[in-house]
Amino acid sequence: MVRYLNMNKTGSLKIAIVGRPNVGKSSLFNRIAGARRAIVESSSGTTRDRLHVDIRWKGKNFTIIDTAGFETAAPGDMAELVLKQIRIGVEEADIILFVTDGITGIVPQDREVSSMLRKASKKVYLVVNKVDRESDMVKAMEFFELGLGEPYAVSAMHGRGIEKLCNDLARGAEKSDAIDSAGSVKVAIVGRPNVGKSSYLNSILSEERVIVHPVAGTTRDAIDIDFRYKDRDYLLIDTAGIRHNAKINAAPDFYGSVRSKEAIKRCDVAIVLIDGSEGLTKDSIEIIDLCLEEGKALVLAVNKWDLVKDVETSKYRDRLVMNMSAVKNLPVVFTSCKTGRNVKSSLDVIWSVYEKSKAIIQPDKLKDILKSLNNAAEISSKRVKFKFLAQKGTMPPLFVLGAKSPKDVSENLKRFVENFFRKSHDFEGVPIKIRFET
C-alpha cells in the first residue's frame with residue numbers, strides 16, 4: 001500500500017526518486033517510508049506507476065514519490081507509458097533523488113538520466129546506493145563526474161546514510177501538523193486483471209494518474225489517492241488484478257494480488273469491476289465472495305458498457321443474479337471509462353452504501369422488526385419465537401437475535417431471517433451479520 005496526497009491539500013514538499021532499473025529505488029523508498037511499501041524484486045521493471053507516501057520526519061512533512069526505472073522507450077511500447085509516468089513524477093516534484101548503483105558504477109543510462117535532470121531545473125540529490133561498507137566509499141566518489149554535486153553514499157538495504165539524507169531533505173520542508181484522513185471513506189477498486197480498474201480511477205481524477213495498457217497485470221502495487229467530490233472525502237485505492245493462485249506465475253503478480261486482498265481488508269467499501277462483454281467470471285465471483293466474507297459494503301460496476309450492444313440494463317442485471325444470487329442485494333452501476341458514463345456518479349452509490357453500513361437502527365424500530373418477524377408465517381409455523389433483538393455493531397451491521405435453542409436454527413431459517421431484515425430496512429450493498437444467542 002502506498003499513498004498519494006494532493007500537494008494542494010497537504011502543502012508538503014514533494015521528492016521524486018528516479019534512476020535506471022534495479023539500482024534500489026524501491027528499496028530506498030521503503031527504507032525512508034519505514035515499511036515495505038513498494039514491491040521489491042531483483043528483476044527490473046517491477047515498479048510501473050508513480051507511488052507516493054507521506055512522510056513525517058522530525059516534525060516535518062514531505063511526500064516521497066517512487067518511479068519506475070528509466071529506460072529508452074519505443075513509441076507505443078509499455079516502456080513509453082512508464083517513461084511518461086517518470087517525467088510526470090519529475091515535473092510534480094520539488095526535489096529529485098537520483099539513485100545510482102555504487103557496485104556497478106556509472107553506466108550510459110546514468111549519464112542520460114543526469115542530462116534529463118539538469119534540464120528539469122530542480123534541486124537534485126545524487127544518491128549512490130549499495131555502499132554497504134566503509135571500504136566501498138571510494139566507489140561513490142567516481143559519481144562526482146556526473147556534475148550533480150557531492151553524492152550521498154547510502155545502503156538502502158542496511159540503512160546506512162539514510163538518516164543524514166532525510167535530515168537534509170527535511171531542512172527544505174515546512175513544519176506542519178500530521179494529515180488526518182479519518183473522515184475519508186476508503187474505497188478499494190478491485191476486480192480481475194484488465195477489467196478497467198486503472199481507467200476507472202483515471203476517469204474519476206480526470207488525469208492519467210496510473211498506467212493503462214491492454215497487457216494484463218500492468219498495475220502491481222496498491223495505490224492510495226485522496227479525492228474530494230461533492231464535499232465528501234474519498235481515499236481511492238487502485239489495486240492489481242486478483243487472479244486464481246494457479247494463474248500466478250511471477251512474484252510481482254503474487255505480491256500484487258496479496259496487496260489487493262490487503263486493500264479489501266482495510267477498505268470501507270469495495271467497488272468490484274467486471275467486463276460487461278464477459279459478465280461474471282469465476283474470478284469475479286470469488287472476488288465478490290471475498291469482499292462479503294470480509295464484511296465490506298459493496299458496489300458492482302459493469303464496466304466497458306459502451307462495448308455491450310442491444311442489451312437492456314435490467315435484463316443484464318437479471319442475468320447477473322442468475323449467475324450469483326448475492327448480486328440481488330447489491331447496487332449495480334453500468335459504467336464506461338471511455339465515455340465517462342456513470343463513473344463520477346458511482347461515487348454517490350459508494351457513499352450511499354458506506355452510510356448504510358454505518359447505520360444504527362433505533363430500539364423502537366428493532367422492536368417492530370422483532371414483532372413482525374415472530375408473526376411471520378414461516379416463523380410461527382415452526383413454533384419458533386425469538387425473545388429479543390439488539391444491534392451490537394456496524395460496518396458491517398451486527399445483530400443479536402435471542403432464540404431458545406440457537407443450535408436448532410437451521411440454515412434455511414437463517415437465510416429467511418436475513419431476507420426479512422433486508423425487507424424491513426434498506427441494506428442494499430451491505431452484508432449483515434446475525435448472531436443467534438440464548
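The following paragraphs describe the secondary structure, sheets, helix packing and aromatic pairs of a predicted model.

The protein comprises 14 helices and 16 strands, and of its 438 residues 53% count as buried. When contacts with a separation of 6 or more are considered, residues 24 or more positions apart account for 71% of them.

One open sheet is built from six strands in the order 3-4-2-5-6-7, and its pairing is mixed. The edges of this sheet are occupied by strand 3 (51-57) and strand 7 (152-153), each of which has a single partner strand, so that one side of each is left without a neighbour in the sheet. Within the sheet, strand 5 (residues 95-101) and strand 6 (residues 123-129) run parallel and are joined by seven bridges; Phe 98 has Leu 126, in strand 6, as its bridge partner.

Strand 9 (residues 223-229) and strand 10 (residues 232-238) run antiparallel and are likewise joined by seven bridges. The two strands form a hairpin with two residues between them, in which Lys 230 takes a positive phi near 55°. Six of the seven residues of strand 9 are buried, so this strand is largely enclosed by the rest of the structure. Across the hairpin, the bridge partner of Phe 227 is Tyr 234 in strand 10, and Tyr 234 is also joined through ring pairs with Trp 351 and Tyr 354 into a cluster.

A further open sheet consists of three strands in the order 14-15-16, again with mixed pairing. Strand 14 and strand 16 stand at its edges, and because each has a single partner strand, one side of each is left without a neighbour in the sheet. On average, and with direction ignored, neighbouring strands of this sheet are turned by 30° against each other. Strand 14 pairs with strand 15 (residues 398-402) in the antiparallel sense over four bridges, and Gln 391 has Phe 399 of strand 15 as its bridge partner.

Helix 14 (residues 411-424) lies across strand 14, strand 15 and strand 16, and runs at about 125° to strand 16. Helix 14 also packs with helix 12 (residues 363-375), at an angle of about 130° and with the axes 11 Å apart. That angle makes helix 12 oblique to helix 14, and the crossing of the two helices is right-handed. The contact between them is made by Lys 365, Ile 369, Ser 372 and Leu 373 from helix 12, which meet Phe 416, Val 417, Phe 420, Phe 421 and Ser 424 from helix 14.

A search of the whole structure for aromatic pairs finds ten. In one of these, the rings of Trp 305 and Tyr 316 have their centres 5.1 Å apart and their planes at 90°, so the pair is edge-to-face. This pair links distant parts of the chain, since Trp 305 lies in the loop between strand 12 (297-303) and helix 10 (313-323), whereas Tyr 316 lies in helix 10, eleven residues apart. Both Trp 305 and Tyr 316 are buried. Another pair, formed by Phe 386 and Phe 436, is tilted, with 6.0 Å from centre to centre and 45° between the planes. Here too distant parts of the chain are linked: Phe 386 belongs to the loop between helix 13 (377-380) and strand 14 (389-393), and Phe 436 to strand 16 (residues 433-437), with their positions 50 residues apart in the sense that they are 50 residues apart. Phe 386 and Phe 436 are both buried, and strand 16, in which Phe 436 lies, is one of the edge strands of the three-stranded sheet described above.

A charged residue with an extended set of contacts was also examined. Arg 192 lies in the loop between strand 8 (185-190) and helix 7 (197-205), and at 13% relative accessibility Arg 192 counts as buried, the cut-off being under 20%. When residues up to four places away in sequence are not counted, Arg 192 touches Lys 197, Gly 241, Ile 242, Asp 275, Glu 278, Thr 281, Asp 283, Ser 284 and Ile 287.

Methods: Residues are numbered from 1 along each chain as its sequence is written. This is a predicted model: local features need pLDDT of at least 70, side-chain atom pairs count only at pLDDT 80 or more; totals for chains, interfaces and linings use all residues. Side-chain values use heavy atoms; hydrogens and water are left out. Rings of Phe, Tyr and Trp (its six-membered ring) pair if their centres lie within 6.5 Å; planes under 30 degrees apart count as stacked, over 60 as edge-to-face and the rest as tilted. Buried means under 20% relative accessible area, exposed over 50%, partly exposed in between (1.4 Å probe, protein chains only). Two strands pair if DSSP finds at least two bridges between them. Axes are lines fitted to C-alpha atoms, for helices over the stretch in contact, and angles run from 0 to 180 degrees between N-to-C directions. Contact means heavy atoms within 4.5 Å. Angles under 35 degrees count as roughly parallel, over 145 as roughly antiparallel, 65 to 115 as roughly perpendicular and the rest as oblique. A crossing is left-handed if the near helix is turned anticlockwise from the far one by less than a right angle, and right-handed if clockwise.
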